[in-house]
Each structure stands twice: as structure tokens, then as C-alpha cells.
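New to this one? Here's a quick briefing to read alongside the sequence and the 3D view.

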Amino acid sequence: MISAISSNFRRCLSVLLALILALTCQFALTGCQIAQFKTKSAQVSQLVLTALTDPKTFNPALNQEFPNIFLFAFDRLTTENGVTGEVEPALAEFWEISQDKKRVVFTLREGLQWSDGQPLTADDVVFTFEDVIFNKQIPTDFKDSFKIGASGAFPKVLKINNRQVEFILPEPFAPLLRAVAGPEGVSILPKHILQAAVQTKGSDGNPRFISTWGTDTDPTKIVVNGPYQLESLSPGQRLVFRRNPYYWRKDEQGNQMPYIERIIWQFMENTDTQLLAFRSGDLDVMGDVRPLRPEYYSLLKKQEKQGKFKVYNGGPWSGTTYITFNLSKARDKNNRPFVDPIKSRWFNNLAFRQAVAYAIDRQKMRDNIFRGIGELQNSPISVQSPYYLKDGLKVYNYNPQKAKELLISAGFKYNDRAELLDADGNRVRFTLLTNSGNKIREAIGAQIKDDLSKIGIQIDFNPINFNTLVDKINTSRDWEAHMIGFTGGIDPHGLTNLWTSRGGSHSFNLAPQPGQPPIKGWQPLDWELEIDRLFAAGAREFDETKRQAIYAEFQRIVQQQLPVIHLVNETALMAVRDRVQGVKYTGLPSWGLWNIQELKIVSK
């Protein structure tokens with residue numbers, strides 16, 4: 001009897017251990033498979049990073065997401081230093097600006113090559129801008145950054161010789177050097193690979209370029225000019241990059257950069273799972289694409305020495321987080337409104353939007369969800385920017401009583417169950433979307449749902465896959481309210497695709513977009529047109545005092561009209577293993593590993 005029990009116990013124990021091991025590997029989302037990579041690549045230096053979702057495209061011109069593969073794989077004419085914020089040379093070795101500031105000549109570095117060994121020349125630069133970015137038939141958000149003046153004219157980009165291109169501007173354009181800068185400016189594209197796709201059309205009448213270099217493309221066929229090229233994609237699991245042998249950068253000793261041979265980008269649709277993988281040693285970095293959750297910071301800070309990693313505090317982060325309503329009154333090609341007309345009337349009522357802002361307890365959000373780390377955000381401009389307006393903005397601090405008074409003054413009313421109704425007796429209820437897996441946003445959404453219930457509004461909070469969310473916002477336009485983040489930086493002009501009325505990310509009243517089915521009845525509001533005017537004026541102004549005044553007025557309009565409700569400005573927090581050296585972390589750049597080509601892996 002004892003022997004039989006022991007045997008059964010051993011068998012059960014064996015099964016249980018096997019089950020635990022399997023679940024552990026699954027919970028860590030291929031953590032065991034990472035170990036297999038490490039075993040196979042024992043002699044190859046590699047860095048293991050993570051993102052919440054798979055990439056949406058391999059085409060730089062069509063990118064609308066962050067993080068993205070182009071941080072690793074493509075360079076631009078210039079780049080922004082992530083510590084100083086200064087514009088520095090990249091593919092362009094230097095540039096010259098004419099006295100009237102209407103002509104800028106960029107000189108490319110000598111001997112630039114694509115990852116297939118072909119030369120990178122001025123022809124590629126002209127192709128990128130003239131044939132792709134400025135092409136009316138190609139839906140790229142980068143267009144918005146190059147529309148100059150009231151007419152929205154584009155620069156003329158001309159080849160001088162194989163190493164020189166000139167940008168001829170219709171008027172002085174202060175943001176040009178940052179608009180062409182990495183890590184998020186226009187990636188230079190290979191003409192010899194993509195020209196045919198631009199010049200030919202598919203069955204839908206659009207250039208084939210729009211469907212070129214999708215994520216169904218063999219990653220090894222993507223020709224790049226950045227530090228890393230794509231090696232393989234396993235959907236839902238990982239994307240592997242390998243060192244680009246033709247990359248142009250060398251260090252002061254003449255050594256080829258980047259130093260790290262391989263990067264494994266793991267897809268983990270949950271930040272808690274990412275934390276588990278980092279603590280177990282399966283990830284080298286956490287927090288590079290979005291600051292660490294504050295509770296992770298306090299936990300990891302205590303484990304730095306034992307875990308052989310460092311937790312960086314870069315100060316205020318340059319990104320913003322906000323909720324916004326769908327203000328569009330447009331209709332689809334079948335004449336159906338994108339937004340329920342009843343709800344559209346609520347959303348387009350300024351008093352309604354302001355009431356919602358007053359009803360959200362952002363201080364509680366900061367104290368509880370952000371553990372007191374961070375500050376309330378009251379502006380669309382990054383707090384590090386010299387154009388950020390600290391004082392003089394309308395602020396919506398928590399005041400549920402004022403929220404109710406605004407609603408009643410706007411014709412809303414309450415029933416005997418304290419539920420909010422509009423003037424026609426419709427219950428005020430709408431859906432709030434965000435991306436799933438981001439635990440901070442999921443917690444914020446839960447609090448907003450609770451906060452708004454106290455003024456009688458019912459929120460159906462629905463976190464969904466990030467790529468699905470982007471499709472709803474930018475393509476189907478099938479949404480009522482959403483919460484999302486937006487990357488920022490030094491120059492407010494980088495926000496043109498969000499804030500100008502025809503911008504590709506102007507989601508709260510999205511204009512007709514190239515390559516999409518036609519829509520009917522789209523109309524910008526007066527204050528949107530005023531923001532257009534301010535952005536055009538700010539772009540042509542080189543006097544910093546005058547530029548600050550222009551963008552101060554922009555911020556005042558946003559806070560008064562409230563198309564978006566800003567929440568809490570996060571603190572830039574990132575954890576990095578000690579074996580990763582060369583990190584230069586601040587809250588200024590959107591990406592914590594902005595100097596990826598300088599990083600090294602050392603034995604510890």
C-alpha cells in the first residue's frame with residue numbers, strides 16, 4: 001500500500017512539475033524560447049526587448065504607431081540628441097541655410113549604402129520626399145509636418161549631385177531640421193526597391209506602395225539604412241533584428257557600429273507579464289517605449305543590486321496621455337453617420353466636454369494609480385519643451401458639483417435614480433476604448449468609469465488590441481471616445497498631424513484621408529482653423545519669443561475648447577540590466593534607447 005501510494009505520488013508530482021514548467025513558459029510568453037535563442041547564440045551579443053503588440057507595418061512612410069521597427073532599422077537626414085535635444089548630423093553630414101532661410105542644402109556622407117549593398121544617394125532622398133511623402137495618393141502622416149504656410153505648400157526637393165540635395169521653401173520654415181530628424185522623422189527610403197510600387201496602381205486605383213512592405217512581407221526583403229535589419233518575424237511572439245553590416249556609423253577608433261549583433265523584440269500583451277520576464281532575467285530592458293508603472297519602479301528599485309540591473313529616473317516624460325471624443329459629423333459613402341447623432345450632439349457640446357473634465361479626479365489618479373510619481377498634465381505640449389505654457393491655462397481640477405451645474409445649464413437633467421439624461425430623455429452612456437495590456441491605462445479607464453458614474457454618466461470601458469484600436473480610430477472611424485498616448489518633443493510642430501485639421505492623426509475630427517473610401521460632410525470647426533493658422537505662423541517664425549507667444553495661444557485654445565482631456569504626465573522610468581552599457585536616459589526622447597547603436601553588452 002505504501003509503495004503504491006508513493007508511486008502514485010511520484011507520478012502526480014512529475015505531472016504537476018511538468019504542468020508548472022509549461023505554464024511558466026507560457027506565462028512568460030516564450031521565455032523558454034528566449035533561453036533557446038541564448039543557447040544557440042552563446043557567442044553572439046544580443047539584447048532582448050519587449051513591446052505589447054506586433055508591428056502593424058514594415059513600411060516607414062505608413063507608420064502610425066509607437067514603438068515601431070523603424071527605431072531600429074532606419075536613419076534620417078538628421079537626428080535629435082536625446083540628452084540635449086539638439087539637432088545633430090545623421091545621413092546628412094552637414095547642411096547650409098541660405099540667408100533668406102528659404103533654401104537648405106543637405107550634404108550626405110560619403111559612401112552611404114543600403115543593407116543590400118547598393119549606394120544610398122541624393123536620388124533616394126528626392127524619391128522619399130517628392131515621390132512618397134508629398135504624393136497626394138499616399139496616406140502618410142509625415143505630410144503634415146511639411147505643409148508650409150496658409151496654402152499648405154510642400155518644399156521642392158531637388159538633386160544637386162549624388163551627395164547633395166536642396167530643399168526650396170515657399171517661405172521660411174523653422175521646423176525643417178527637426179521634421180527630417182530621427183528617431184521619429186522621415187526615414188529615407190530605397191528608390192531602387194520601392195519606385196515601381198509608387199508608379200504602379202493596384203485594382204483599387206491606389207499606388208501599390210500602400211500595400212507594399214506589409215507585415216506579411218519576408219522580413220529579409222526589407223532593405224534598410226539603419227543600424228539593424230530585419231531577420232525574422234514570428235507573429236505574436238517576436239521579431240528578430242540583426243546587425244546591418246553596411247551601416248555608416250563608426251566610433252572614434254574606427255570600429256563598425258552598432259556593437260550588439262542581434263536584437264530580439266518580444267511581443268508580450270501584458271505589462272505584468274513583461275515584469276515577470278524582466279525579473280526572471282529573460283528581458284534586458286523594461287520601460288524603454290513607455291515608462292515603467294510606478295509600482296514596478298518601487299519594487300525594482302529595491303532589487304537593483306540583487307537583480308544586477310539599474311532603474312533610471314529620467315524626470316518628466318515627453319509623451320502625453322488623454323481621452324478624446326469623436327466630434328466628427330461626417331458620414332460614410334453610404335450616407336451613414338460615423339457617430340450616433342444623439343451622442344454626437346453630446347460630444348460636440350463644449351459644456352459636456354468640460355463637465356467630463358471636471359468630473360475626472362486626476363489628483364486621485366496621480367496619487368493612487370501613479371503612486372504620486374508624475375504631475376497633472378494641462379497642455380498638449382511636452383513639459384520639457386521651451387514652448388510649454390506653465391501658467392495662464394484653463395485648468396479642470398476635480399469639481400463634480402461644477403460638472404453637474406454645467407450639464408444642467410446645457411439642457412441635461414437627472415432622473416430619480418440620479419442618471420444623466422439629455423433634453424430628449426436619452427440616457428447618457430458611451431463606450432470608452434483604450435489598448436489592452438497597458439495596465440496603467442486599464443486602471444485609468446476603470447477610475448474614469450467610476451468618476452463619471454458620480455455625475456450620472458454610464459461608461460462602457462473596453463480595452464482592445466492596440467492595432468485594432470488604431471484601425472477603429474484612423475480607418476473605420478468606429479468609436480465614441482478613446483484614451484491613448486501621443487509622443488512629444490522639443491518643437492510643437494511635431495504635433496501637426498494630431499492638431500492641424502487635416503492631419504492624419506487628427507482623430508477627434510478626422511478629415512478625408514488618401515487611400516481611404518470617400519466620406520461626406522466633413523467640416524472643420526472655427527477653432528480648428530485657428531489652430532491651423534497658428535501652426536503655419538509658428539513654422540515661419542524664427543524669433544523664439546514670438547514663436548512662444550504663438551504656441552501659447554495654441555495651448556490656450558486647446559484647454560478652452562477641450563477636444564482632448566489631458567490626464568497625468570508620467571515620469572520617465574526604465575530598468576536596464578547591468579550588462580547593457582552606454583545607456584543615456586532622459587525623459588526627453590520618446591524612446592529610452594534612442595542611442596541604440598552605441599549600446600554594448602558586457603560580461604557581468
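What follows is a short tour of the cores, the aromatic rings and one sheet.

Keep in mind that this is a predicted model. Two nonpolar cores are worth finding early: the largest has 81 residues, and apart from it lies another of 72 residues. A good place to start is Phe129, one of the residues touching the most other members of the largest core.

**The nonpolar cores**
- In the largest core, Leu47, Leu77, Phe106, Phe129 and Phe209 touch the most other members.
- Helix 4, which covers residues 122–133, gives the most to this core, with seven residues.
- The other core, set apart from it, includes Trp346, Trp499, Ile550 and Ile565.
- As background, nonpolar side chains in soluble globular proteins tend to be buried together.

**Around Phe129**
- Is Phe129 buried or exposed? It's buried, with a relative accessible area of 0%.
- Skipping neighbours within four places in sequence, Phe129 is in contact with Leu77, Phe134, Phe146, Val157, Phe167, Val180, Val186 and Ile188.

**Aromatic rings**
- The whole structure holds 32 aromatic pairs.
- Take Phe129 and Phe167: they pair edge-to-face, with 5.1 Å centre to centre and 80° between the planes.
- Phe129 sits in helix 4 and Phe167 in strand 7 (residues 164–168), so this pair ties together parts that are 38 residues apart in sequence.
- Phe167 is buried too, with a relative accessible area of 0%.
- Both rings belong to one aromatic cluster, made up of Trp95, Phe106, Phe129, Phe134, Phe146, Phe154 and Phe167.

**Charges over rings**
- Arg477 has its charged end over the ring of Phe338, 5.5 Å from the ring's centre.
- Over the ring of Tyr259 you'll find the charged end of Lys600, 4.5 Å from the centre.

**The five-stranded sheet**
- Five strands make an open sheet with mixed pairing, in the order 19-18-20-14-21.
- Why do strand 19 (458–464) and strand 21 (564–566) each have one side without a neighbour in the sheet? They stand at the edges, each with a single partner strand.
- From one strand to the next, the twist averages 25°.
- Strand 18 (residues 429–435) and strand 20 (residues 481–486) run parallel and are joined by two bridges.
- Leu432 has Ala481 in strand 20 as its bridge partner.

**Helices on the sheet**
- Helix 11 (residues 350–359) packs on the sheet and touches strand 14 (320–325), strand 18 and strand 21. Its direction makes about 140° with that of strand 14.
- Helix 15 (residues 466–476) also packs on the sheet, touching strand 18, strand 19 and strand 20. Its direction makes about 110° with that of strand 20.

Note on methods
Residues numbered from 1 in each chain as written. Predicted model: local features only at pLDDT ≥ 70, side-chain atom pairs only at ≥ 80, totals over all residues. Heavy atoms only, no water. Core = buried A, V, L, I, M, F, W, Y, C linked by side-chain atoms within 4.5 Å. Buried < 20%, exposed > 50% of the residue type's maximum accessible area, 1.4 Å probe, protein only. Helix = DSSP H or I, 4+ residues; strand = E, 2+ residues; numbered from the N terminus. Contact = heavy atoms within 4.5 Å. Pairing = 2+ DSSP bridges. Axes fitted to C-alpha atoms, helices over the stretch in contact; angles between N-to-C directions. Phe/Tyr/Trp six-rings, centres within 6.5 Å; stacked < 30°, edge-to-face > 60°. Lys NZ or Arg CZ within 6 Å of the ring centre and 35° of its normal.
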